[in-house]
Amino acid sequence: RLALATGGVYLIAWVPAYEEFRTFAAGRIERLTVQEDTFRRNHDLPENLFSSSMGVFWGDPERIVLEFDATVAPFVRGRVWHESQTVTELPDGRLHVVLDVSNDWALRSWILGFGAGVRVIEPGSLAESLAEELTRAAARYARNMKPSGANNGG
């Protein structure tokens with residue numbers, strides 16, 4: 001099946017070698033080969049392929065609980081990020097957001113995009129995974145930082 005999502009065209013196809021559906025960005029396909037084999041539908045795809053994802057993935061939805069700082073709350077409050085979201089106002093302008101989405105790359109990159117303005121409450125495994133990712137990112141930046149007080153002159 002071809003699908004339009006997040007501004008791109010995707011081919012969703014059954015890959016016998018993996019025994020599962022895979023998603024291919026059409027713009028990244030470099031070469032096609034026409035074969036004599038014909039297609040016979042033997043696996044069904046859901047109507048709305050990506051309904052449980054924040055992007056172009058699919059998987060079982062999971063309860064994701066987030067807390068957003070007041071600094072980013074206006075941006076979060078101003079959009080429907082996923083049809084499953086529930087938003088609760090907290091003291092001091094913070095937001096409590098619950099999503100039922102697949103715990104995939106699209107979700108993780110969306111959360112990381114808010115930097116220190118968001119905290120994962122549940123699930124713990126997602127919070128740990130993102131903390132590890134942020135630690136690795138901080139280490140990469142730390143290598144390029146000049147010590148405070150370093151002379152920028154010459």
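Two strands pair if DSSP finds at least two bridges between them, and strands (E, at least two residues) and helices (H or I, at least four) are DSSP runs numbered from the N terminus. The model is predicted, so local features need pLDDT of at least 70 and side-chain atom pairs count only at pLDDT 80 or more, while totals for chains, interfaces and linings use all residues. Residues are numbered from 1 along each chain as its sequence is written, and side-chain values use heavy atoms, with hydrogens and water left out.

**Exercise 1. Find which strands pair with β6, and how they run.**

Step 1. Start with β4, which is joined to β6 by 7 bridges in an antiparallel arrangement; across this pairing, Glu67 stands opposite His96 of β6.

Step 2. Turn to β5 (residues 86-89), which also runs antiparallel to β6 and is joined to it by 4 bridges, with Leu95 in β6 as the bridge partner of Glu89.

Step 3. Look at the connection: β5 and β6 form a hairpin with 5 residues between them, and in its turn Asp92 has a positive phi of about 65°.

Step 4. Check the surroundings of β6, using the rule that buried means under 20% relative accessible area, exposed over 50% and partly exposed in between (1.4 Å probe, protein chains only). Because 5 of the 7 residues of β6 are buried, this strand is largely enclosed by the rest of the structure.

**Exercise 2. Describe the largest nonpolar core and the aromatic residues around Phe114.**

Step 1. Fix the term: a nonpolar core is a set of buried Ala, Val, Leu, Ile, Met, Phe, Trp, Tyr and Cys residues joined through side-chain atoms within 4.5 Å.

Step 2. The largest such core has 19 residues, of which Leu66, Phe68, Leu99, Leu107, Trp110, Ile111 and Phe114 touch the most other members. Two or more residues come from each of β4 (62-68), α1 (73-77), β6 (95-101), α2 (105-112), β7 (118-122) and α3 (124-144), and β6 gives the most, with 4 residues.

Step 3. Apply the definition of contact, heavy atoms within 4.5 Å, to Phe114: leaving aside neighbours within four places in sequence, Phe114 is in contact with Phe68, Val72, Phe75, Val76 and Trp81.

Step 4. Rings of Phe, Tyr and Trp (its six-membered ring) pair if their centres lie within 6.5 Å, and planes under 30 degrees apart count as stacked, over 60 as edge-to-face and the rest as tilted. The whole structure holds 7 aromatic pairs; in one of them, Trp110 and Phe114 meet edge-to-face, 5.3 Å centre to centre with 85° between the planes, and both residues are buried. Phe68, Phe75, Trp81, Trp110 and Phe114 form one aromatic cluster.

**Exercise 3. Decide whether Asp100 and His82 are buried, exposed or partly exposed, and trace their contacts.**

Step 1. Asp100 is found in strand β6 and is partly exposed, with a relative accessible area of 37%.

Step 2. Leaving aside neighbours within four places in sequence, Asp100 is in contact with Pro61, Glu62, Arg63, His82 and Ser84.

Step 3. His82 lies in the loop between α1 and β5 and counts as buried, at 7% relative accessibility.

Step 4. The side chains of His82 and Ser84 are joined by a polar contact of 2.8 Å, the term being a pair of N or O atoms within 3.5 Å, where within protein one must be able to donate a hydrogen and the other to accept it, and residues adjacent in sequence count only if both atoms are side-chain atoms.
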